[in-house]
Amino acid sequence: LNVNRAPRFSFRYSLGIDGLLGGNFNYHKLDIKVNQIARLGIAGRGEYIINYNKVFTPLPYLLLNIYPGNETFLRTLATYNMMDFFEFVADESLMLFYGHHFDGLLMNRIPLMQKLKWRMVFSGQMALGALSQSNLDYLASSDNFGNPVTPVKSLEPWKPYYEVGYGFENIFRFVRIQAYHRLSYLEDGANGFGVKGSVYFNF
């Protein structure tokens with residue numbers, strides 16, 4: 001895949017108005033994203049996504065920035081593959097995803113691997129963020145029946161969550177398998193290791 005493109009930027013501002021088109025809240029949200037895929041000479045090629053989100057108004061949990069966890073057996077670049085669904089929430093967050101395809105840089109030096117045409121891959125994901133006191137005060141501590149609800153979890157202010165992955169792609173020409181390690185926020189029995197796969201065409 002010979003790709004070398006300039007960074008792509010996207011900017012989105014969302015305005016919510018209570019009572020307009022069924023809306024129940026007034027809010028302001030900002031989302032800025034940049035991504036790129038680039039050839040890196042003999043080192044292969046890299047791809048990255050940087051995403052900044054900011055919610056300026058106290059809102060219920062599901063309307064804040066929920067980090068994209070992934071509990072399935074399928075890997076994707078733009079998710080945290082060792083993070084549970086809805087595990088962390090923030091009203092200001094910075095998410096970084098990086099994937100590196102070594103192509104034949106390493107595997108072509110091993111005769112059997114050269115014949116199989118497997119390619120080594122690496123990925124790293126990091127999340128930063130915070131949940132303001134105004135949103136913590138806004139979140140409900142009990143449901144409509146008075147039952148206590150599970151407290152919302154947030155990252156410690158600007159203490160990163162990060163994970164790394166490594167593995168092989170081009171297995172049978174279209175399968176990618178990666179092992180992942182979660183390297184932070186391992187409290188409360190969080191799973192620190194997993195193996196995931198995907199279909200990834202790379203001829």
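This passage walks through a predicted model, starting with its sheet and moving on to some buried residues, the nonpolar cores and the salt bridges.

The sheet is a good place to start. It is an open one, built from eight strands that run in the order 1-2-3-6-7-8-9-10, and the pairing is antiparallel. Strand 1 (8–16) and strand 10 (193–199) sit at the edges, and each has a single partner strand, so one side of each is left without a neighbour in the sheet. Going from one strand to the next, the twist averages 15°.

A closer look at part of this sheet shows how the strands line up. Strand 7 (residues 119–130) pairs with strand 8 (residues 161–171) in the antiparallel sense, over nine bridges. Here A127 stands opposite Y161 of strand 8. Strand 8 also pairs with strand 9, again in the antiparallel sense, this time over seven bridges. In that pairing F168 faces I177 of strand 9. The hairpin of strand 8 and strand 9 has three residues between the strands, and F172 in this hairpin takes a positive phi near 55°.

Strand 9 carries on the pattern by pairing with strand 10, antiparallel and over seven bridges. I177 turns up again in this pairing, with G197 of strand 10 as its bridge partner. How enclosed is strand 9 (residues 175–182) by the rest of the structure? Six of its eight residues are buried, so strand 9 is largely enclosed.

Next come two asparagines. N135 belongs to helix 2 (residues 133–138). With a relative accessible area of just 2%, N135 is under the 20% cut-off, so it counts as buried. What does a polar side chain do in such a spot? For N135, a polar atom of the side chain lies 2.8 Å from the backbone nitrogen of L59. The side chain of N135 also makes a polar contact of 2.8 Å with the side chain of D91. Setting aside neighbours within four places in sequence, the residues in contact with N135 are T57, P58, L59, L64 and D91.

N170, the other asparagine, is found in strand 8. At 5% relative accessibility, N170 counts as buried too. Its side chain reaches the backbone oxygen of K117 at 2.7 Å. N170 and D91 are 79 residues apart along the chain, and their C-alpha atoms are separated by 39 Å.

Now for the nonpolar cores. In soluble globular proteins, nonpolar side chains tend to be buried together. In this model, the largest nonpolar core has 15 residues, and the ones that touch the most other members are Y67, Y80, F88, L155 and Y161. Y161 is also the residue that stands opposite A127 in the sheet. As for F88, leaving out neighbours within four places in sequence, its contacts are N65, I66, Y67, M83, K153, S154, L155, Y161, R182 and Y185. Another core, of six residues, lies apart from the largest one, and its members include V55, L64, V89 and L131. L64 has already come up as one of the contacts of N135.

That leaves the charged side chains. Side chains of opposite charge can pair when their charged atoms come close. The count for this model comes to seven salt bridges. One of these joins E92 and K54, with the closest N and O atoms 3.7 Å apart. This pair links distant parts of the chain, since E92 is in strand 6 (residues 92–101) and K54 in strand 3 (residues 45–55), 38 residues apart.

E87 and R182 meet in another salt bridge, at 2.8 Å from N to O. This pair links distant parts of the chain as well: E87 is in the loop between strand 4 (65–66) and strand 5 (89–90), R182 is in strand 9, and their positions lie 95 residues apart in the numbering. Both E87 and R182 are buried. R182 is also among the contacts of F88.

Buried or partly exposed: what about the salt bridge of K159 and E156, at 3.7 Å from N to O? K159 counts as partly exposed at 34% relative accessibility, and E156 counts as partly exposed at 43%. Finally, R39, R45 and D103 are joined into one network by salt bridges that share partners.

Technical notes:
Residues are numbered from 1 along each chain as its sequence is written. This is a predicted model: local features need pLDDT of at least 70, side-chain atom pairs count only at pLDDT 80 or more; totals for chains, interfaces and linings use all residues. Side-chain values use heavy atoms; hydrogens and water are left out. Two strands pair if DSSP finds at least two bridges between them. Helices (H or I, at least four residues) and strands (E, at least two) are DSSP runs, numbered from the N terminus. Axes are lines fitted to C-alpha atoms, for helices over the stretch in contact, and angles run from 0 to 180 degrees between N-to-C directions. Buried means under 20% relative accessible area, exposed over 50%, partly exposed in between (1.4 Å probe, protein chains only). A polar contact is a pair of N or O atoms within 3.5 Å; within protein, one must be able to donate a hydrogen and the other to accept it, and residues adjacent in sequence count only if both atoms are side-chain atoms. Contact means heavy atoms within 4.5 Å. A nonpolar core is a set of buried Ala, Val, Leu, Ile, Met, Phe, Trp, Tyr and Cys residues joined through side-chain atoms within 4.5 Å. A salt bridge is a side-chain nitrogen of Lys or Arg within 4 Å of a carboxyl oxygen of Asp or Glu.
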